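Please open the model in the viewer and keep the selection panel at hand. The tour proceeds from one selection to the next.

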Amino acid sequence: MSKSINQIQDEIIEEFAMFDDWMEKYEYIIDLGKELPLIADVKKTEDRLIHGCQSRVWVASEMLDKHLVFTADSDAIITKGIISLLIRVLSNQTPEDIVKSELYFIGKIGLQEHLSPTRANGLVGMINRLKSDGLKQLTS
Amino acid sequence: MSGFNVNEIRADFPILKESVNGKPLIYFDNGATSQKPRQVIERISNYYTHENSNVHRGVHYLSDQATNAYEQARNTVARYINAAHSQEVIFTKGTTDSINTVAFSVGETLKPGDEILISGMEHHSNIVPWQMLCERKGTILKVIPVTPEGTLDLEAFDTLLSERTKLLSIIHISNTLGTINPVEQLIQKAHQVGAKVLLDAAQSIQHLPIDVQHLDCDFLAFSGHKVFGPTGIGILYGKKDLLDSLPPYQGGGDMIEQVSFEKTTYNGLPLKFEAGTPNISGAIALGAAFNYLSSLDLQGAFQHEHTLGTYLRARMREIPTIRFIGEAPETCSTLSFLIGELHPFDLGTLLDKQGIAVRTGHHCTQPLMKQFNIPGTVRASLAFYNTTEEIDQFVVALERSIHLLS
C-alpha cells in the first residue's frame, strides 16, 4: 500500500531534522531543484503557468487509476526544489485526500517564509492549483 | 557641520542594529524604502503624544499646534528643494499620487492629439497614469528609447520632442538601472517647444541636492519614505502660476472656499490640492526627515555614497559571469545585476538567509525588462548609512550563494 500524505510529510520532517543549519537545508533543496525537469517542455503552456511575481511555475495533472499524478517545474531552482517536495507529498494520492490535506511539513521544516505573500514565488498559487485540480476531479 | 562620519550616522538609525536570520542586518534595499532616523520616529510619537488634532479647522490650542507643525513641515520641504513659495509644495500620499494628480489636472487642459513624452526606463507609476489619461482624453503617449547601456537615446528625444508635446514626464534617476538622466538639458529643450516638465525625483531626492528653481522643472514628485521619512506621505511641487491655473484633482473638505449646491468655489494653493484630512503626522515627520538631512554634512554624505557606489561596482566586477544591467557613465549607488543563468529569486533568497536585504524582480519596470530580455534583476541600492565593510560581506555572501546554486 502506498504511503499517506501525512506519512510522507512526517518522513520529510524527519529528513530535514538532520540538517544543522540553513546551508545544509538549502543545499538539499537546491539539489532537488537541479534534478531533471519535472514536467515535459511541451506541457509548459500558458494555461499551466501559475503567475507568481518573480519565478514562474508550471503544473500539470492527470488521473491514473483513481490517483491524481502531478508534474511541475519552475525557472528558479529553490522554488523547484520546494515544488519537488510538494509533489512528493501530494502526487499519486486520491483527489479526496489531496483536497482535505493539511500541509504542515512546510512550516515544520522552516520554509514557511516561502508561503508569505511577499515572496510571491508562485508556491501559494501552486498549492492552490494542486488542490483545485483535486477538487475538479471530485466534482466532475 | 563637523564632517561626515558613517558610524555616527548609523547610530541614528535604530533598525540597523537588528539581526536577520541570526546575522547582523545588511540593508541594501534602499531603493524600495529607506530606513528612518530616530529623529523621525520620535517626531511621530511626539505628535500623537502631545499635539494630535485636526489641521486648519479648530479654534482650540491643539489644532493650532498641529496646524503650525504641519505648515512648518511644508516650509521645511520648500526650503530644502528651494521652492520660491511654500504654497508650491503640496502634500500627497507619495510619488504615485503626485503623478496621478498632475495626470488628472494637467490632463483636463489637454486636447485629443496632444502628446505626453516619457521614457523607456520609467517606473510603472510614470507610465500607467498617462496611459489612463490617453484613454480618457485621446492624447498620445510617446516614449524616448533607452540605449543598451541604459541611458536615454538623446537623438531620439530630439526627434520625438515637438510642438505637439505638452508634457515631458521623466525619471531623474532610474530605480532599476541607477542611471542619472541629464534632466537639466531635457527640461531646457522641452521648454523651448513650450512643453511642461514633471520630474520624478523618487530616486534622486535622497541622493542628490535638488533645487527646483535651478532645475527649472514645472513639477517635481517624490515619496517621503524613500528620503528617510514615513510611508503614506509624499510631495508634489509645482510652479505657483501653473498650479493656480489648473483644476483640482479630488474634491472634498479643506480644498474649498465656499460650497453651495448651485456653485462651489475652490480654496487657493496649496489646499486646493489637499482634499480631506491630510496625513498630518506623516507630513510633520517628513519635515523632521528634512531637518535631519539639513543637520548633516550633506555634501560629505553624498560623497560617501558616491564612494560606496564606485567600490560596489569595482568589487562586483571581480565576480565571474556577472552582468550589470545598466552601465551608464553617470549612476548613483544603485546596481542591478545578473549572474550567469542564475535566477534573481534564488540569489535573493540565499542572500536573505545571510542577513542581506536586496530587491529581486522587475522593479516595477516591466517594459525595461522586456527591452533587456530578462525576467528581472538583483538590485543592491545603497544609502549613506551603508559601509564598505558591508559591501565586502555582501560580496562574500554572494559568492557563497553562487557556489551553492552552481
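Which residues are buried in helix α7 (residues 183-192) of chain B? In this predicted model, they are V183(B), L186(B), I187(B) and A190(B). Select these four residues and look down the axis of α7(B): the buried residues fall within an arc of 100 degrees, so they line one face of the helix.

Next, add the residues E184(B), Q185(B) and Q192(B) to the selection. These are exposed, and they sit on the face of α7(B) that is turned away from its buried side.

Return to the buried side and display its surroundings. The buried residues of α7(B) pack against two helices and two strands of chain B, namely α6 (154-160), α8 (212-215), β7 (165-171) and β8 (196-200). Before leaving this region, select G194(B), just after α7(B), where phi is positive at about 85 degrees.

Now move to a pair of helices. Two packed helices are described by the angle between their axes and the distance between the axes. Select helix α12 (residues 344-353) of chain B together with helix α14 (residues 388-405) of chain B; their axes are 9 Å apart and form an angle of about 125 degrees. The two helices, α12(B) and α14(B), are therefore oblique to each other. Their crossing is right-handed.

Finally, show the side chains where this pair meets. From α12(B), the contact involves D346(B), L347(B), L350(B) and L351(B), while α14(B) contributes A397(B), L398(B), S401(B), L404(B) and L405(B). Colouring by class shows seven nonpolar residues, one polar residue and one charged residue in the contact of α12(B) with α14(B).

Methods
Residues are numbered from 1 along each chain as its sequence is written. Chains are lettered from A and ligands numbered from 1 in the order in which they are written. This is a predicted model: local features need pLDDT of at least 70, side-chain atom pairs count only at pLDDT 80 or more; totals for chains, interfaces and linings use all residues. Axes are lines fitted to C-alpha atoms, for helices over the stretch in contact, and angles run from 0 to 180 degrees between N-to-C directions. Angles under 35 degrees count as roughly parallel, over 145 as roughly antiparallel, 65 to 115 as roughly perpendicular and the rest as oblique. A crossing is left-handed if the near helix is turned anticlockwise from the far one by less than a right angle, and right-handed if clockwise. Two residues are in contact if their C-beta atoms, placed from the backbone, lie within 7 Å. Ala, Val, Leu, Ile, Met, Phe, Trp, Tyr, Cys and Pro count as nonpolar, Asp, Glu, Lys and Arg as charged, and the others, Gly among them, as polar. A residue is buried if 20 or more other C-beta atoms lie within 10 Å of its own, exposed if 12 or fewer, and partly exposed in between; C-beta atoms are placed from the backbone. The arc is that of the directions from the helix axis to the C-beta atoms.
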